Amino acid sequence: MKVAIFDFDGTLYTKETFKLLMEQLKKHPSYQRYYGKFYRSILPLYIRYKLKLLPENEMKERSMKLYLKALESLTTTQLEQYFENMHEEMLSDFNEDVVNRLARHQAEGHHVLLVSGAYTPFLTAVTSHLSFDRIIGTEIPSRGEQITMDQPFLHIQGERKNEQIDKALQGKSVDWESSFAYGDSISDLPVLEQVGNPVAVRPDSKLAAIAKQRNWDIL
C-alpha cells in the first residue's frame, strides 16, 4: 500500500489556522465575550516566545489549550458547529495545486491521510468538501458533551505526527519508498523524511534549503 500524507497549515490550506481561530472568536456574535479572557491568557505566552524564553512547540501547545479553556462552557456539539461555520469562509484559501495532488493520489488508489496539529473536529469540518482515508489531529478532551481540560492534552506536532501515523497504519503493509508526504515547515521534516517522495509546499527558509540540497519536489 502506498500512502500520501498531507499537512494542513501552509500546505493544503495557505494560511495559519490559529490566527483564523482567534479572529473567529473575536468577531463571533455569541462567543466574542470569551475573547478578552483568551487574549489576556495568551499574551504572556506570546511575549515569552518572542523573547525566546519559550520554545515554539510549547507555545503552540499551551495556546491550543488556552483557546479550548476559553470555550470550555460550550458542548462538543456547539464547538463542532462553531468550526463548521468557518468552512465557507476558508474555501478560497485552499492551495489548488495541493488539492489537485490530493485528487490524483485518490485516483491512483493511495491511502490518503491528513495530519495536522489543528483540532480534529476543526479539520473534519473545514475539509468536508474533500475526502481522506484518515484525519489525524489534536483531539479535544471531553466527557460526553462536556469539554474537560483536566484530561491529558496531546498536541500533534513534530515527532508526534510520525507516532500517530504509525499507530493509524499499524497492521498495514506500507511501501514507504513509493509513498508521498507534503509539508511547508521544518517541523514537518520527520514526516517528509519517512517517505520516498517528499514534497515541500511553499516551504519556509529552513525546509527550502534542505529540499533544494536533497533535490526534493517543491511546489
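Visitor: So strands here are DSSP runs of E with at least two residues, helices are runs of H or I with at least four, and both are numbered from the N terminus. Got it. What kind of model am I looking at?

Guide: It is a predicted model.

Visitor: Thanks. Let's start with the sheet. How many strands form it, and in what order?

Guide: There are 6 strands in an open sheet, running β3-β2-β1-β6-β7-β8, and their pairing is parallel.

Visitor: Which strands stand at the edges?

Guide: Those are β3 (134-138) and β8 (217-218). Each has a single partner strand, so one side of each is left without a neighbour in the sheet.

Visitor: How many bridges join β2 to β3?

Guide: Strand β2, residues 111-119, is joined to β3 by 4 bridges, and the two run parallel. To see one partnership, look at Y119, whose bridge partner in β3 is T138.

Visitor: What handedness does the β-α-β unit of β2, α7 and β3 have?

Guide: The unit made by β2, α7 and β3 is right-handed.

Visitor: And β1 with β6, how many bridges there?

Guide: You'll find 3 bridges between β1 and β6, again with the strands running parallel. I5 has A181 as its bridge partner in β6.

Visitor: Changing topic: how many cavities of 30 Å³ or more are there?

Guide: A search of the whole structure gives 1. The space in this largest cavity is about 50 Å³.

Visitor: Which residues line it?

Guide: The lining of the largest cavity consists of I5, F6, D7, V115, K161, Y182, G183, D188, V191 and L192. I5 is the residue we just met as the partner of A181. By class, the lining has 6 nonpolar, 1 polar and 3 charged residues.

Visitor: Which elements supply at least two of those lining residues each?

Guide: Three elements do: β1 (3-6), β6 (180-183) and α9 (189-192).

Visitor: OK, on to the pockets. What volume does the largest one have?

Guide: The largest pocket comes to about 1,400 Å³. It is lined by 41 residues, and the ones closest to its centre are D9, E16, E56, M59 and K60.

Visitor: Which elements give two or more residues to that lining?

Guide: They are α1 (17-27), α2, α3, β2 and α8 (159-168). The most comes from α3, with 9 residues.

Visitor: How does that lining divide by class?

Guide: The largest pocket has 13 nonpolar, 12 polar and 16 charged residues in its lining.

Visitor: What about the second largest pocket, what volume does it have?

Guide: About 260 Å³. Its lining has 15 residues, with G137, E139, L154, I156 and Q164 nearest the centre. Two or more residues come from β3 and from α8, and β3 gives the most, with 4 residues.

Visitor: What classes are in that lining?

Guide: The second largest pocket is lined by 9 nonpolar, 3 polar and 3 charged residues.

Visitor: Now for aromatics. How many pairs are there?

Guide: The count comes to 17 aromatic pairs. A nice one to inspect is F83 with F122, an edge-to-face pair at 5.6 Å centre to centre with 85 degrees between the planes.

Visitor: Why is that one edge-to-face?

Guide: Because planes over 60 degrees apart count as edge-to-face, and the planes of F83 and F122 are 85 degrees apart.

Visitor: Which parts does the pair tie together?

Guide: F83 sits in helix α4 (residues 76-84) and F122 in helix α7 (residues 120-126), so the pair ties together parts that are 39 residues apart in sequence.

Visitor: Is F83 buried or exposed, and what about F122?

Guide: F83 is buried, at 0% relative accessible area. F122 is buried too, with a relative accessible area of 0%.

Visitor: Last topic, backbone angles. Which residues other than glycine have a positive phi?

Guide: Have a look at K52 and R202. K52 has a phi near 65 degrees, and R202 has a phi of about 40 degrees. For context, most residues other than glycine have a negative phi.

Visitor: Where do they lie?

Guide: K52 is in the loop between α2 (35-50) and α3 (56-70). R202 is in the loop between β7 (197-200) and α10 (205-213).

Visitor: And is K52 buried or exposed?

Guide: K52 counts as exposed, with 75% relative accessibility.

Note on methods. Residues are numbered from 1 along each chain as its sequence is written. This is a predicted model: local features need pLDDT of at least 70, side-chain atom pairs count only at pLDDT 80 or more; totals for chains, interfaces and linings use all residues. Side-chain values use heavy atoms; hydrogens and water are left out. On a 1 Å grid over the protein atoms alone, a cavity is a set of points where a 1.4 Å probe fits but cannot get out, and a pocket is an open set with protein on both sides within 12 Å along at least five of seven lines; lining residues have an atom within 4 Å of a point. Grid points are joined across faces, edges and corners, and a volume is the space filled by probe spheres set on the points. Ala, Val, Leu, Ile, Met, Phe, Trp, Tyr, Cys and Pro count as nonpolar, Asp, Glu, Lys and Arg as charged, and the others, Gly among them, as polar. Two strands pair if DSSP finds at least two bridges between them. Rings of Phe, Tyr and Trp (its six-membered ring) pair if their centres lie within 6.5 Å; planes under 30 degrees apart count as stacked, over 60 as edge-to-face and the rest as tilted. Buried means under 20% relative accessible area, exposed over 50%, partly exposed in between (1.4 Å probe, protein chains only). A crossover is right-handed if, with the strands pointing away from the viewer, the path from the first strand over the helix to the second runs clockwise.
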